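Please work through the following exercises with the sequence and the structure in view, trying each task before reading its solution.

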Amino acid sequence: MPVADIAPSEKVELFVALGEHVVGATANGVLCGGGASEAAVVIRPESQRILRIASGQSGDIYLQPSAF
């Protein structure tokens, strides 16, 4: 289920239930070459998970843990 359409340097903040979730990102073809990436995240009480959407030189996209 799509929840956001973001542009470069934008972010989205989601509040989801505790437990394990799969987060995905799909390039829209305008700025990235295309493709999709998924990451499993576990949400625990009193903690947050930050993921960065990055792109490689080939245009592929990646979801990576981030400190920002």
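**Exercise 1: the two faces of a strand**

Task: In strand β2 (residues 36-43) of this predicted model, sort the residues into a covered face and an uncovered one.

Solution: Begin with the general rule that side chains in a regular strand alternate between the two faces of the sheet. Applied to β2, the covered face holds Ser-37, Ala-39, Val-41 and Ile-43, while the uncovered face holds Ala-36, Glu-38, Ala-40 and Val-42. Next, turn to the partner strand: β1 and β2 pair in the antiparallel sense over eight bridges. Within this pairing, Val-42 of β2 has Glu-20 standing opposite.

**Exercise 2: the exposure of Ile-6**

Task: Decide whether Ile-6 counts as buried, partly exposed or exposed.

Solution: First locate the residue, which lies in the segment before β1 (19-26). Buried means under 20% relative accessible area and exposed means over 50%, with partly exposed in between. Because its relative accessibility is 34%, Ile-6 counts as partly exposed. Ile-6 also helps to make a nonpolar surface patch of about 700 Å², together with Met-1, Val-3, Val-12, Leu-14, Val-16 and Ile-53.

**Exercise 3: the largest pocket**

Task: Find which residues lie nearest the centre of the largest pocket, and which strand gives the most to its lining.

Solution: Start from the volume of the largest pocket, which is about 1800 Å³. Of the 45 residues that line this pocket, Ile-6, Val-12, Val-23, Leu-51 and Ile-53 lie nearest its centre. Then consider the strands: β1, β2, β3 (51-55) and β4 (61-65) each supply at least two residues of the lining, and β1 gives the most, with six residues.

Note on methods:
Residues numbered from 1 in each chain as written. Predicted model: local features only at pLDDT ≥ 70, side-chain atom pairs only at ≥ 80, totals over all residues. Heavy atoms only, no water. Patch = residues over 30% accessible without salt bridge, like charges linked within 9 Å, V, L, I, M, F, W, Y side chains within 5 Å. Areas by Shrake-Rupley, 256 points an atom, 1.4 Å probe, with all protein chains shown as cover. Salt bridge = Lys/Arg side-chain N within 4 Å of Asp/Glu carboxyl O. Helix = DSSP H or I, 4+ residues; strand = E, 2+ residues; numbered from the N terminus. Buried < 20%, exposed > 50% of the residue type's maximum accessible area, 1.4 Å probe, protein only. Pairing = 2+ DSSP bridges. 1 Å grid on protein atoms, 1.4 Å probe; cavity = no way out; pocket = protein on both sides within 12 Å on 5 of 7 lines; lining within 4 Å. Points joined across faces, edges and corners; volume = space filled by probe spheres on them.
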